[in-house]
Amino acid sequence: RGPNSVELDAELSRYFPITERMKMDLRIEAFNALNHPNFDTPNHKNLNESSFGVITGSGGARIWQGALKFIF
């Protein structure tokens, strides 16, 4: 068993009306918004290896992305 995984994804979006038939959609998304480290499970394949029981990797870091969409 490995360590716990904590991840929070968030999104903010807003529509801006331009005319009656046209509008803009602004969207901002964050994956792993708290930037909490999520470590992989420890190495458990071979007892004779020097890396046995060592956590060698972690999950992804915080990722931000944005989009602007024009709807007509």
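**Salt bridges, surface patch and loop residues**

Asp25 is located in strand S2 of this predicted model. With a relative accessible area of 3%, Asp25 falls under the 20% limit and is therefore classed as buried. When neighbours within four places in sequence are set aside, Asp25 is in contact with Ser13, Arg14, Tyr15, Ala67, Leu68, Lys69 and Ile71. The side chain of Asp25 also makes a polar contact with the side chain of Arg27, at 3.2 Å.

The Asp25 and Arg27 pair also qualifies as a salt bridge, with 3.2 Å between the closest N and O atoms. Side chains of opposite charge can pair when their charged atoms come close. Across the whole structure, the search finds 2 salt bridges. A salt bridge also joins the side chains of Arg27 and Glu11, with an N to O distance of 3.0 Å. This pair connects distant parts of the chain, since Arg27 belongs to strand S2 and Glu11 to strand S1, 16 residues apart. Glu11, Asp25 and Arg27 are thus linked in a network of salt bridges. The members of the network vary in accessibility: Asp25 is buried at 3%, Arg27 is partly exposed with a relative accessible area of 27%, and Glu11 is partly exposed at 42%.

A nonpolar patch on the surface is formed by Leu12, Phe16, Leu26, Ile28, Trp64 and Leu68. Together these residues have about 640 Å² of accessible area. At least two residues of the patch come from each of strand S1 (10–17), strand S2 (23–31) and strand S3 (63–71). Leu26, one of the patch residues, is placed in strand S2. The relative accessible area of Leu26 is 35%, and this residue is therefore partly exposed, the class between 20% and 50%. Two of the patch residues also appear in the contacts described here: Leu68 is in contact with Asp25, and Trp64 is touched by Ala30.

Ala30 is likewise found in strand S2. Its relative accessibility is 4%, so Ala30 counts as buried. Beyond residues up to four places away in sequence, Ala30 touches Leu8, Asp9, Ala10, Ile63 and Trp64. Ala30 and Gln65 are separated by 35 residues in sequence, while their C-alpha atoms are 6.5 Å apart in space. For Ala30 and His44, the separation is 14 residues in sequence and 33 Å in space, again from C-alpha to C-alpha.

His44 lies in the loop between S2 and S3. With 59% relative accessibility, His44 is above the 50% limit and therefore counts as exposed. The loop between S2 and S3 also holds Asn32. Asn32 has a relative accessible area of 3% and is buried. Most residues other than glycine have a negative phi. Asn32, although not a glycine, has a positive phi of about 55°. The loop between S2 and S3 thus includes a residue that is buried, Asn32, and a residue that is exposed, His44.

Methods: Residues are numbered from 1 along each chain as its sequence is written. This is a predicted model: local features need pLDDT of at least 70, side-chain atom pairs count only at pLDDT 80 or more; totals for chains, interfaces and linings use all residues. Side-chain values use heavy atoms; hydrogens and water are left out. Patches are made of residues with over 30% relative accessible area and no salt bridge: like charges are joined within 9 Å, nonpolar side chains (Val, Leu, Ile, Met, Phe, Trp, Tyr) within 5 Å. Accessible areas come from the Shrake-Rupley method with a 1.4 Å probe; for residues, only the protein chains shown count as cover. A salt bridge is a side-chain nitrogen of Lys or Arg within 4 Å of a carboxyl oxygen of Asp or Glu. Helices (H or I, at least four residues) and strands (E, at least two) are DSSP runs, numbered from the N terminus. Buried means under 20% relative accessible area, exposed over 50%, partly exposed in between (1.4 Å probe, protein chains only). Contact means heavy atoms within 4.5 Å. A polar contact is a pair of N or O atoms within 3.5 Å; within protein, one must be able to donate a hydrogen and the other to accept it, and residues adjacent in sequence count only if both atoms are side-chain atoms.
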